[in-house]
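Here are my notes on this model, point by point. Please read them with the coordinates open.

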Amino acid sequence: MHPQPAGTNADTSDPDTAAALLREAELVLIDLDGCLAFGEAPAPSAAAFLRMVEDRFVVLSNNSTDTPESLSDRLGRAGLTVEPRRIMLAGALMVDELAATHGDGTVALFAAPQLKEYARASGVTLVEAAASTDTVAVARDLSLTFEDLNTMLRLLHGGANLIVSNPDLTHPGNNRVPVVETGALLALLEACLPGLHPRIVGKPDPLMFLRALQRFGATPARSVMVGDNPATDGLGARCAGMPAILVGPNGSYAGVGDLVR
Ligand SMILES: [Mg+2]
């Protein structure tokens, strides 16, 4: 007989409860920035944490710059071995959603080159500098220009739908200094064009959680999310029906090292 599921009401600030959840979970969903890594540097004990949850984890990140493959390579160079199928990212998931739902429509995708390549390979019809398009899709693009922002505004003003990879305003970068995230671009667009109704793909929307559970055949009640952001990791886990263990300045534990037994 299975032990009773801890559910979303489990007191994960209690170290014994957190340890039991991590020990018994079918799937441990672990956030990237602020949990496993800070910028390009792995977090202290990140490798030990991944060894502890070995073949029962998936990295669940609102990262919208990488593809699972490019992030797997990047983590490998930082000394963390994570195969691409154990990585779910908001940017790539947005592209998957566009590929699944978009049919014959066109998309103006503002994203990093590797995500655009992933979109083309997934069969999404991208338009560059279009006069009009059905959909404006926004992810984190480090080469985004003022002209790009004006193009977004023009297309949205013309009636295009807006889909955004994730709502985060910032994420912790190198030396834990915050860097601008996709949600800040959304805030800018909403300030310029009040009344937008964006679809936001990443956490806290439960979609990415549910896709991860499906991929590994796990159930929410017997899974657990480890994250550093109550508004995305915590709320998203609750919406998906699983408990969350929070680390970092807004959490019950300083870092994932405190969870390694
Ligand atoms: Mg985070």
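1. Helices and strands here are DSSP runs, numbered from the N terminus; a helix needs at least four residues and a strand at least two. By that count, Ser45 sits in the loop between β3 (41-42) and α2. The model is predicted.

2. Ser45 deserves a look at its backbone. Its phi is near 70°, a positive value in a residue other than glycine. Ser45 counts as partly exposed because its relative accessibility is 37%.

3. Arg176 has a positive phi too, about 65°, although it is not a glycine. It lies in the loop between β10 (170-172) and β11 (178-180). With a relative accessible area of 51%, and the cut-off for exposed being over 50%, Arg176 is exposed.

4. Check the peptide bond from Lys203 to Pro204. It is cis, with omega near 15°. Pro204 is placed in the loop between β12 (199-200) and α8 (207-216).

5. Now the metal. Which residues coordinate the magnesium ion? Asp31 (OD), Asp33 (O) and Asp228 (OD) do, at 2.1 to 2.2 Å. Along the chain, the donors follow the spacing D-x1-D-x194-D. Asp31 and Asp33 are both buried.

6. The largest pocket holds about 420 Å³ of space. Its lining has 24 residues, and Asp33, Gly34, His171, Pro172 and Asp228 lie nearest its centre. Two of these names recur from the metal site: Asp33 and Asp228 are among the magnesium ligands. β10 and α9 (230-240) each supply at least two residues of the lining. By class, the lining has 6 nonpolar, 10 polar and 8 charged residues.

7. On packing, the largest nonpolar core has 33 residues. Val28, Ile30, Phe49, Val226 and Leu259 have the most contacts inside it. Elements that each supply at least two residues of this core include the helices α1 (15-24), α2 (46-52) and α3 (68-77). Strands that do so include β1 (27-30), β4 (57-61) and β13 (223-227). A second, separate core has 32 residues, including Leu115, Val124, Ile163 and Ala218.

8. Val226 is a good residue to inspect. Which residues does Val226 contact, leaving aside its neighbours within four places in sequence? The list includes Val28, Ile30, Phe49 and Leu259, which are also among the residues with the most contacts inside the largest core. Leu22, Leu29, Cys35, Ile245, Val247 and Val256 are in contact with Val226 as well. So is Asp31, one of the residues coordinating the magnesium ion.

Note on methods
Residues are numbered from 1 along each chain as its sequence is written. This is a predicted model: local features need pLDDT of at least 70, side-chain atom pairs count only at pLDDT 80 or more; totals for chains, interfaces and linings use all residues. Side-chain values use heavy atoms; hydrogens and water are left out. A nonpolar core is a set of buried Ala, Val, Leu, Ile, Met, Phe, Trp, Tyr and Cys residues joined through side-chain atoms within 4.5 Å. Buried means under 20% relative accessible area, exposed over 50%, partly exposed in between (1.4 Å probe, protein chains only). Contact means heavy atoms within 4.5 Å. Donors are N, O and S atoms within 2.8 Å of the metal (3.2 Å for Na, K and Ca); water is not among the atoms, so sites may look incomplete. On a 1 Å grid over the protein atoms alone, a cavity is a set of points where a 1.4 Å probe fits but cannot get out, and a pocket is an open set with protein on both sides within 12 Å along at least five of seven lines; lining residues have an atom within 4 Å of a point. Grid points are joined across faces, edges and corners, and a volume is the space filled by probe spheres set on the points. Ala, Val, Leu, Ile, Met, Phe, Trp, Tyr, Cys and Pro count as nonpolar, Asp, Glu, Lys and Arg as charged, and the others, Gly among them, as polar.
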